[in-house]
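Welcome to a short set of exercises with worked solutions. Take a look at the structure first, then try each task before reading on.

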Amino acid sequence: MEKYLEKCCRYAWKMVCQTPPYLIQGNSFVHKSDPVFDPSIHQVPRKYAEHNSGYIRLVLWPGLFEGSSGRVIRKTEVVLKVTILK
């Protein structure tokens with residue numbers, strides 16, 4: 001476990017210290033009211049593809065973005081809220 005944590009810290013430090021630094025998008029934006037799904041920066045795993053409300057329920061895996069340009073390195077993997085039909 002100690003070795004794993006050490007490697008995680010090294011990679012995190014490299015990502016922050018490079019120019020431009022990378023940004024991680026995780027659960028912090030989900031606490032805002034009804035975050036909207038954006039297919040250019042978010043992806044839904046096949047297992048949850050039937051959830052189609054367009055609003056994000058939770059983040060499964062954080063996204064990685066290049067700081068200044070916002071270029072997507074890896075999309076944020078999310079689960080959408082379920083639309084209940086009446």
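**Exercise 1. Find the partner of Arg10 and say how the two side chains meet.**

Solution. Step 1: the side chain of Arg10 meets that of Glu6 in a salt bridge, with 2.9 Å from N to O. Keep in mind that you are looking at a predicted model.
Step 2: check the cut-off, which asks for a side-chain nitrogen of Lys or Arg within 4 Å of a carboxyl oxygen of Asp or Glu.
Step 3: look at the spacing. Arg10 and Glu6 are 4 residues apart in helix H1, so about one helical turn separates them.
Step 4: add the surroundings. Arg10 is exposed, at 53% relative accessible area, while Glu6 is partly exposed at 39%.
Step 5: recall the general idea. Side chains of opposite charge can pair when their charged atoms come close.

**Exercise 2. How many salt bridges does a search of the whole structure find? Describe those beyond helix H1's pair.**

Solution. Step 1: the search finds 3 salt bridges.
Step 2: one of them joins Arg71 and Glu66, whose closest N and O atoms are 3.5 Å apart. Here Arg71 is partly exposed, with a relative accessible area of 44%, but Glu66 counts as buried at 17%.
Step 3: another joins Glu77 and Arg74, at 3.1 Å from N to O. To classify these two, use the cut-offs: buried means under 20% relative accessible area, exposed means over 50%, and partly exposed lies in between. Glu77, at 18%, is therefore buried, and Arg74, at 32%, is partly exposed.

**Exercise 3. Which strands make up the open sheet, and in what order?**

Solution. Step 1: the open sheet has 3 strands in the order S1-S4-S5, and their pairing is antiparallel.
Step 2: find the edges. Strand S1 (22-25) and strand S5 (72-74) each have a single partner strand, so one side of each is left without a neighbour in the sheet.
Step 3: from one strand to the next, the twist averages 30 degrees.
Step 4: zoom in on a pair. Strand S4 (residues 63-66) pairs with S5 over 2 bridges, in the antiparallel sense. Leu64 has Arg74 in S5 as its bridge partner. You have met Arg74 already, in the salt bridge with Glu77.

**Exercise 4. Which residues form a nonpolar patch on the surface?**

Solution. Step 1: the patch consists of Met1, Tyr4 and Leu5, which together have about 400 Å² of accessible area.
Step 2: place one member. Leu5 is found in helix H1 (residues 2-17).
Step 3: check its exposure. Leu5 has a relative accessible area of 45%, so Leu5 is partly exposed. This fits the patch rule, which takes residues with over 30% relative accessible area.

**Exercise 5. Sum up the whole protein chain.**

Solution. Step 1: count the elements. The protein chain has 1 helix and 6 strands, running α-β-β-β-β-β-β from the N terminus on.
Step 2: look at burial. Of the 86 residues in the protein chain, 22% are buried.
Step 3: look at the surface. About 6700 Å² is exposed by the protein chain, and carbon and sulfur atoms supply 59% of it.
Step 4: look at the contacts. Among contacts with a separation of 6 or more, 58% come from residues 24 or more positions apart.

Notes: Residues are numbered from 1 along each chain as its sequence is written. This is a predicted model: local features need pLDDT of at least 70, side-chain atom pairs count only at pLDDT 80 or more; totals for chains, interfaces and linings use all residues. Side-chain values use heavy atoms; hydrogens and water are left out. Patches are made of residues with over 30% relative accessible area and no salt bridge: like charges are joined within 9 Å, nonpolar side chains (Val, Leu, Ile, Met, Phe, Trp, Tyr) within 5 Å. Accessible areas come from the Shrake-Rupley method with a 1.4 Å probe; for residues, only the protein chains shown count as cover. Buried means under 20% relative accessible area, exposed over 50%, partly exposed in between (1.4 Å probe, protein chains only). Contact means heavy atoms within 4.5 Å. Two strands pair if DSSP finds at least two bridges between them. Axes are lines fitted to C-alpha atoms, for helices over the stretch in contact, and angles run from 0 to 180 degrees between N-to-C directions.
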